[in-house]
Amino acid sequence: MRRRWWSLAAAALLSVGALVVPASPAMAAPTFKVPFPCNQSWTGQTRTNHSPPYSIDFNRTDDLGDPVVASAPGTVDRVTDLGGTSYGKYVRINHGGGYTTYYAHLNGFNVSVGQTVGYGKVIGWVGSTGGSTGPHLHYEQRLNGNDIQIRFNGALALYWGSKTYTSDNGCSGSTGSGTVNTAGANLTVRSGPGTGYDAVGTVADGTRVTIYCQTTGTTVTGTYGTSNIWDRIGSGRYIADAYVHTGYDGFIPNVPRC
């Protein structure tokens, strides 16, 4: 009986010891970013009948063939073409710690299996392959093979509905600058790159502006000739480049495209 008591005591001590041994800490999730180039804005849609449910479908106007970039550093471990079914052409990136991302319905590939990628690396182009009914990017974040609610820069995506996301993926911090020249009048600021967008303010003649990115839109004739280039000077704030002295004819070198 005495021997059995010591055996039970030893077992109890071992059991208690097992309980107090700390578990290995879980690996933190990567800082995922919107899977498009710096300063681009895309509408992401989530819906309860999506498969898998936490995935996001991304769209913007005339998006067929637009570049898709890695949303976090990692290693490409799958480049697959399923033909006219399911994901069609898709890429999977392994980010370590059990985290992976999926990029589906691509028009084509720009990476190969085993390739290491970083933020902003173009991995393919928006398409409508597989079971898609129109051009878009189907995007997923997974942990240990299970889809998880998507986060960008640590912030939870919108569930459920549509939201516009502006990418800071691969941004180098490069900006441009210019001086508004309208010969006296205020320059109208638009919500998008064109005269058909809503007016959201004005900029006075002679104002020095920071240009975060440039894109094409409505053709405008201004102080510096005729141009279809528009300059984004803030979130949802665009002005016609034809009225801005930047020192360049056309796009400013090293300034991102919106």
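## Overall make-up

Two strands count as paired when DSSP finds at least two bridges between them. That criterion underlies the pairings described below for this predicted model.

The protein chain holds one helix and 22 strands. Of its 258 residues, 39% count as buried. The accessible surface of the chain comes to about 13,100 Å². Carbon and sulfur atoms account for 51% of that surface. Among contacts in the chain with a separation of 6 or more, 60% join residues 24 or more positions apart.

## A three-stranded open sheet

Three strands form an open sheet in the order E3-E9-E7, with antiparallel pairing. Strand E3 (67-69) and strand E7 (106-109) are the edge strands, and each pairs on one side only. On average, neighbouring strands of this sheet are turned by 35 degrees against each other, direction ignored.

Strand E9 covers residues 122-126. E3 and E9 pair in the antiparallel sense over three bridges. Within this part of the sheet, valine 69 stands opposite valine 122 of E9. In general, strands of a sheet pair through backbone hydrogen bonds, either parallel or antiparallel.

## Strands E15 and E18

A further antiparallel pairing joins strand E15 (residues 176-180) to E18. Four bridges connect these two strands. Threonine 179 stands opposite arginine 208 in E18.

The two faces of E18 differ in cover. Val209 and Ile211 make up the covered face. Arg208 and Thr210 lie on the uncovered one. In a regular strand, side chains alternate between the two faces of the sheet. The residue opposite threonine 179, arginine 208, thus belongs to the uncovered face of E18.

## The loop at glycine 206

Glycine 206 sits in the loop between strand E17 (199-203) and strand E18 (208-211). Is this glycine buried, partly exposed or exposed? Its relative accessibility is 47%. Buried means under 20% and exposed means over 50%, with partly exposed in between. Glycine 206 therefore counts as partly exposed.

Which residues does glycine 206 touch, leaving aside its neighbours within four places in sequence? The contacts are with Thr179 and Val180. Residues 176-180 form strand E15, the antiparallel partner of E18. Asparagine 186 is 20 residues from glycine 206 along the chain. The C-alpha atoms of glycine 206 and asparagine 186 are separated by 9.3 Å.

Terms used. Residues numbered from 1 in each chain as written. Predicted model: local features only at pLDDT ≥ 70, side-chain atom pairs only at ≥ 80, totals over all residues. Heavy atoms only, no water. Axes fitted to C-alpha atoms, helices over the stretch in contact; angles between N-to-C directions. Buried < 20%, exposed > 50% of the residue type's maximum accessible area, 1.4 Å probe, protein only. Contact = heavy atoms within 4.5 Å. Areas by Shrake-Rupley, 256 points an atom, 1.4 Å probe, with all protein chains shown as cover.
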